[in-house]
Amino acid sequence: MLAIFHEAFAHPPQELNSPSSNKQKPKHPQETLQQFLSVHPKNTFSMTFGESAVLAYVKQPDTNNYQEHLFAGFDDMYCLFLGSLNNLCSQIKQYGLSKNTNEAMFVIEAYRTLRDRGPYPADQVIKDLDGSFAFVVYDSKTGTVFTALGSDGGMKLYWGIAADGSVVISDDLEVIKTGCAKSFAPFPKGCMFHSEGGLMSFEHPMNKIKAMPRVDSEGVMCGANFKVDTYSRVNSITRQGSETNWTSQWDAP
């Protein structure tokens, strides 16, 4: 899958930028999209939202492969989903959804519930998901980006910065490397990113996330890795404020 968001709609950590990218230039979003489509010439679907966003995914053949590639869209909300949820049946029952709801459709409903009503902290909603998964949600009404990666390590996800400052998210490491030069890193497992709320751990929401300098095999500084800081906790007032900000940002217009 591939998702690209203009820097006006997604605000990733500054440490994702590598000073070395001044030497090896990243590509522009359209170039990265074309590379993704050329690498995956068959069964590839893409959507472009003006200058705001690009979503693309490769439709998998109908098999029992647990690493599903799914796409869903509803009411100007779109979801790219990789993997599978072991507790999908119980989750769709809890949300009152139909039995034929797949993971991507469920994630959209969970996101909409958080946006419109916000009964629970977002981290608790994601923590309740059991399985190997990675997803990206784009709400074109509000310009909101929401992504998460499961904690079991079953799925891989990467993110980086394009030539124009756009955020690039993909499970295709080679596309990320080529498109973002040195300004990329693995997306941290057990974490979620919201375009306004930032990066946080849904497993350890009371702990801060710290950037860890990363150098590649050539000795060149790359975009930082991000890990939970077990010795640094989020101030309870800040935590409450963050939840309020997320809820207000997700209020339907």
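**Reading strands, rings and loops in a predicted model**

Mentor: Let's start with a nice detail: Arg214 lies over the face of Phe184, at 4.8 Å from the ring centre. A charge counts as over a ring when NZ of Lys or CZ of Arg is within 6 Å of the ring centre and within 35 degrees of the ring normal.

Trainee: What kind of model is this, and which residues count for local features?

Mentor: This is a predicted model, in which local features need pLDDT of at least 70 and side-chain atom pairs count only at pLDDT 80 or more, while totals for chains, interfaces and linings use all residues. Residues are numbered from 1 along each chain as its sequence is written, and side-chain values use heavy atoms, leaving out hydrogens and water.

Trainee: What pLDDT does the protein chain average?

Mentor: pLDDT is the predictor's confidence in each residue, from 0 to 100. Here the protein chain averages 88, and 88% of the residues score at least 70. Over residues 237–242 the pLDDT is below 50, and this stretch has six contacts (heavy atoms within 4.5 Å) beyond near neighbours in sequence. Residues 244–253 also stay under 50, with 22 contacts beyond four places in sequence. Where pLDDT is low, the predicted coordinates should not be read in detail.

Trainee: In what order do the six strands of the open sheet run?

Mentor: Strands (E, at least two residues) and helices (H or I, at least four) are DSSP runs, numbered from the N terminus, and two strands pair if DSSP finds at least two bridges between them. The order in this open sheet is E4-E5-E6-E7-E11-E12, with antiparallel pairing. Strand E4 (68–74) and strand E12 (198–201) each have a single partner strand, so they stand at the edges with one side lacking a neighbour in the sheet. Inside the sheet, E5 (residues 77–85) and E6 (residues 131–139) pair over nine bridges, and Leu80 stands opposite Val136 in E6.

Trainee: Which helix lies across E4, E5, E6 and E7?

Mentor: That is H3 (residues 103–116), running at about 125 degrees to E5. Axes are lines fitted to C-alpha atoms, for helices over the stretch in contact, and angles run from 0 to 180 degrees between N-to-C directions.

Trainee: Where do Asp75 and Asp76 lie?

Mentor: Both are in the loop between E4 and E5. Most residues other than glycine have a negative phi. Yet Asp75 has a positive phi of about 50 degrees, and Asp76 has one of about 65 degrees. Asp75 is partly exposed at 36% relative accessibility, as is Asp76 at 32%; buried means under 20% relative accessible area and exposed over 50%, with partly exposed in between (1.4 Å probe, protein chains only).

Trainee: How many residues lie between E13 and E14 in their hairpin?

Mentor: Five, and Gly219 in the turn has a positive phi of about 80 degrees. The two strands pair in the antiparallel sense over seven bridges, with Asn207 partnered by Arg233 in E14.

Trainee: How many aromatic pairs are there?

Mentor: Rings of Phe, Tyr and Trp (its six-membered ring) pair if their centres lie within 6.5 Å; planes under 30 degrees apart are stacked, over 60 edge-to-face, the rest tilted. The count comes to 14. Phe49 and Tyr138 are edge-to-face, 5.1 Å centre to centre with 70 degrees between the planes. Phe49 lies in strand E2 (residues 44–49) and Tyr138 in strand E6, so the pair ties together parts 89 residues apart in sequence. Both are buried, and both belong to one aromatic cluster with Phe5, Phe45, Tyr57, Phe71 and Tyr78.
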